[in-house]
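Biologist: Could you take me on a close look at one part of this protein? I would like to see the metal site and what lies around it, in words a first-year student can follow.

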Amino acid sequence: METTAEIGTRVYKFGDKQADGNGGMKNLLGGKGANLAEMNTLGIPVPPGFTITTEVCAEYNKIGKKATVDLLKEDVNLAIQHIEEIMGATFNDPDNPLLISVRSGARVSMPGMMDTVLNLGLNDKAVQGLAKMTGNDRFAWDSYRRFIQMYGSVVMGMKPKTKEDIDPFEEIIEHLKEKRHIQLDTEFTVQDLQDLVYDFKEVIRKTTGLKFPTDPWEQLWGSVMAVFDSWNGDRAVYYRKMHGYPPDWGTAVNVQAMVYGNMGDNSGTGVCFTRDAATGENVFNGEYLINAQGEDVVAGVRTPQQITKQGSKQWAKLAQVVEDERQDQFPSLEEIMPRIYKELYTYQDTLEKHYRDMQDMEFTIQDGKLWILQTRNGKRTGAAMVKIAIDLLKEELIDEKEALLRIEPNKLDELLHPVFDPAGLEKDDIVAQGLPASPGAATGQIVFFADEADKFKNTILTRIETSPEDLEGMNLAKGILTARGGMTSHAAVVARGMGKCCVSGAGALKIDYKNRVMRVEKKEFHEGDWISINGTTGNIIEGKVPTMEPELSGEFAELMKLSDKYATMEVRTNADTPKDAKVARSFGALGIGLTRTEHMFFEVDRIMAMREMILADTIKGRKFALKELLPMQQKDFEGIFEMMEGLPVTIRLLDPPLHEFVPHQLATQKELAEDLHISLAAVKNKVADLHEFNPMLGHRGCRLGNTYPEITEMQATAIIQAALNLKAKGIMAKPEIMIPLVGTVNEFVEQEKIIRATAEKIFKKRKDRIDYLIGTMIEVPRAVMVAAEIAKHADFFSFGTNDLTQMAYGYSRDDASKFMKVYLEKGILTEDPFEVLDREGVGQLVVMGTENGRSTKPDLKVGICGEHGGEPKSVEFCHQAGMNYVSCSPYRVPIARVAAAQAAIRSD
Ligand code: PEP
Ligand code: MG
């Protein structure tokens with residue numbers, strides 16, 4: 001068969017400290033499968049099993065179920081025998097049944113996005129065998145009913161399709177609880193569980209017309225294929241798109257012997273982290289439940305207990321549980337199972353040292369024996385990411401380059417967000433306390449359903465608990481608040497991964513979905529009411545809370561210093577005001593790469609003079625209005641130069657089409673006519689005159705300065721005089737004057753002449769001089785082609801990749817959103833080229849423009865000031881293209897600094 005010819009081994013076994021695969025085979029075995037293999041070789045007790053490779057997933061998508069089963073049958077048979085030998089139980093043996101789990105595992109972890117089937121191998125006979133073997137009827141029947149429920153949902157299509165649909169299995173459970181007047185699953189008797197098994201099978205038969213399969217092999221193949229199918233399920237597809245994972249990766253399938261945490265009080269299950277995933281602190285932590293299965297910990301139905309004694313005490317303080325009650329009802333694993341705790345502690349240490357990164361592990365204790373079910377590099381917040389990388393470096397587990405490469409530059413954004421200002425917070429406003437699951441501050445209007453998270457502009461998704469279905473809504477909301485679930489609940493883990501503020505497990509909240517209301521003691525909060533949550537303290541606060549700039553940690557500063565050691569490109573900022581310049585400088589910007597002068601004209605006191613200038617019919621009239629603008633513009637430049645003392649400041653001459661400055665509404669046109677003492681008709685005529693069919697390709701950029709040289713004159717005067725004024729005060733200004741939208745060398749030369757003549761005139765008058773540069777933006781494709789000529793005159797190039805992208809693709813910057821979504825959905829484009837620099841097309845123009853320019857001026861300074869200058873992948877490309885600097889918005893400066901360092905390290 002042509003599609004399968006290249007595929008080698010399809011099934012990789014592991015168990016008893018041996019494995020066919022290893023940790024380096026993530027692409028083939030998936031992250032989970034590779035780690036299971038690796039853990040075996042490290043001597044960690046892992047339930048035996050096997051991994052079906054990601055290649056088989058792709059193969060299955062091409063050839064279908066039957067052909068895939070035929071290809072796998074022999075290998076899977078042998079692999080099952082391998083598990084049987086280690087576990088001393090037999091698949092399909094009613095007296096001593098081997099039970100297995102079937103789980104997904106893509107090359108990167110996608111928590112909860114794909115399907116899992118547990119307790120596979122049970123049927124009416126095997127359940128008796130399991131009961132006899134374990135001497136625990138209740139456990140056996142509970143496992144069986146869980147299996148039918150899961151298999152029915154995952155494999156037989158019984159999952160509710162919408163939030164209004166009721167889960168048929170949950171409905172049966174609720175019905176039985178009502179009948180029996182009980183509240184908890186744990187109160188079911190063996191007879192109840194047997195009734196559930198019967199009713200579950202019946203509802204499956206009635207709904208699907210199919211009998212629940214009794215043959216374990218049929219169960220196994222059904223589950224394997226369902227896991228493959230879940231790679232293309234809605235949740236997984238959304239998650240993949242969100243993270244940019246390609247559809248052809250596929251998922252592996254991991255089949256493992258079941259071990260049980262619900263076999264009684266000597267059993268349990270939990271999740272643990274080698275360091276704190278929220279803060280990055282080096283403390284072992286996690287949660288567990290006695291007599292429970294894995295999903296019970298994450299589902300948030302029971303309150304999980306802390307693994308360490310220290311963690312338990314901290315938790316009790318936040319949850320307002322007194323010490324006696326804590327010891328009695330919520331003791332730590334360290335206290336009640338000290339031997340197991342010690343063993344677990346050793347394994348977490350081994351695993352962290354081995355993987356040289358923070359691990360997120362799952363474990364089960366079956367009747368006094370500890371099993372590690374999985375380990376992976378733990379998801380973490382931006383703050384934890386920085387602290388862990390720097391700490392691991394200090395602990396000499398990783399070197400400087402690796403520490404830098406551990407940083408996801410975009411995640412630094414989280415650290416730079418505002419936090420609540422304690423001064424604006426009244427104590428009474430704190431209505432309840434939850435767990436500080438994911439740090440940050442969020443204020444928004446309450447919504448209770450994930451698919452309504454965009455109902456208001458800023459929302460707080462408020463749920464009893466969250467589930468993987470809620471992912472999209474969690475992403476849209478400003479913050480997440482849950483009444484149940486601990487620090488490892490779904491909400492907490494996902495929020496940390498997204499860098500979204502989250503407070504979880506706030507038990508005092510009573511959420512009533514039906515009436516869309518949340519009650520806290522006597523207070524009521526309805527949908528749309530404002531609340532604030534503090535993911536760093538766990539506080540839930542009524543109303544809106546003012547915010548302030550965050551304080552950056554010492555580790556953050558260390559990271560920045562390290563970045564500068566390796567980066568070869570400088571990072572500048574795009575800033576139009578002294579305030580922006582100040583922020584950027586505090587983030588380490590080494591100059592300004594773009595000041596857009598037009599923004600200065602929109603302020604109330606200037607727009608009138610600007611309009612007067614535009615409406616003037618004569619040069620004299622225009623010059624008169626420009627004279628009014630000059631001192632204002634000069635003052636702005638002085639402010640910016642002062643803030644950027646000693647650093648280069650690139651100021652771009654006026655760029656946008658003039659019609660953007662004139663009023664288009666009748667009322668404001670009337671006002672303007674009155675102010676200028678001209679007729680309304682004259683204003684209207686001028687506005688009509690300025691109308692352009694294609695303003696982005698019209699009278700803008702250097703075309704303005706070339707048709708109205710007096711504008712360039714005024715701006716050059718303001719720049720040079722501002723720099724001289726500062727010089728007189730002992731402050732060094734380094735202006736770099738930039739001409740926009742140049743497409744021909746003459747456009748540049750004409751502007752250059754005006755600027756130089758203006759400067760010389762002023763120098764003469766003031767009997768003083770300053771150094772300045774004149775450069776150009778490269779944002780018109782023609783400029784790329786004639787860059788060698790332009791560079792003979794220009795001191796520097798700055799790529800304006802916003803316009804360059806617009807003109808290379810022929811996509812209007814202002815209208816692309818109309819089709820971009822569809823293009824991305826259909827895969828016509830893989831990324832929005834206005835966000836991520838298109839290396840194949842626009843990128844080639846950048847390379848060509850740089851090479852052409854440097855062919856006549858070898859030391860030509862080249863930078864970028866389009867939006868791409870702060871986007872990590874684009875920054876990497878700029879490094880490869882040999883740029884001297886990138887320029888980006890102030891808050892992206894730290895991101896670009898790390899991205900520049902990473903690019904330099906990667907290209908070493
Ligand atoms: C650009 O075109 O990339 C640029 C920086 O200029 P503007 O966005 O102001 O057109
Ligand atoms: Mg531009």
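Modeller: Here is a walk from the metal site to the barrel, with a short stop at a few other residues.

Please keep in mind that this is a predicted model. Let us start at the magnesium ion, ligand 2, whose protein donors are Glu779, through OE, and Asp803, through OD. These donors lie 2.1 to 2.2 Å from the ion. Find them in the sequence and you will see that the pair links distant parts of the chain, 24 residues apart. Glu779 sits in the loop between β29 (773-778) and α28 (781-785), while Asp803 belongs to helix α30, residues 801-809.

Are these two residues buried or exposed? Glu779 has a relative accessible area of 2%, so it counts as buried. Asp803 is buried too, with a relative accessible area of 2%. The cut-off behind that word is a relative accessible area under 20%.

The loop that holds Glu779 follows β29, and this strand leads us to the barrel. Eight strands close into it, in the order β25-β26-β27-β28-β29-β30-β31-β32, with parallel pairing. On average, neighbouring strands of this sheet are turned by 25° against each other, direction ignored. As general background, strands of a sheet pair through backbone hydrogen bonds, either parallel or antiparallel.

For one pairing in detail, look at β28, residues 734-739, which is joined to β29 by four bridges. Within this parallel pair, Ile739 has Thr776 of β29 as its bridge partner. A helix packs on the sheet as well: α22, residues 619-643, touches β26 (592-596), β27 (648-652) and β28. The direction of α22 makes about 150° with that of β27.

Another helix to find is α24, residues 680-690, which contains Lys686. Is this lysine buried or exposed? Lys686 counts as buried, because its relative accessibility is 15%, and the limit for that word is 20%. Leaving aside residues up to four places away in sequence, Lys686 touches Ile614, Leu615, Ala616 and Asp617.

Finally, here are two residues to check for their backbone angles. Lys17, in the loop between β1 (11-15) and β2 (18-19), has a positive phi of about 65° although it is not a glycine. Lys17 is exposed, with a relative accessible area of 56%. Asn291 also has a positive phi, near 55°, and is a residue other than glycine. You will find Asn291 in the loop between β8 (285-290) and α9 (294-299), where it is partly exposed at 31% relative accessible area.

Conventions. Residues numbered from 1 in each chain as written. Chains lettered and ligands numbered in written order. Predicted model: local features only at pLDDT ≥ 70, side-chain atom pairs only at ≥ 80, totals over all residues. Heavy atoms only, no water. Donors = N, O, S within 2.8 Å, 3.2 Å for Na, K, Ca; no water. Helix = DSSP H or I, 4+ residues; strand = E, 2+ residues; numbered from the N terminus. Buried < 20%, exposed > 50% of the residue type's maximum accessible area, 1.4 Å probe, protein only. Contact = heavy atoms within 4.5 Å. Pairing = 2+ DSSP bridges. Axes fitted to C-alpha atoms, helices over the stretch in contact; angles between N-to-C directions.
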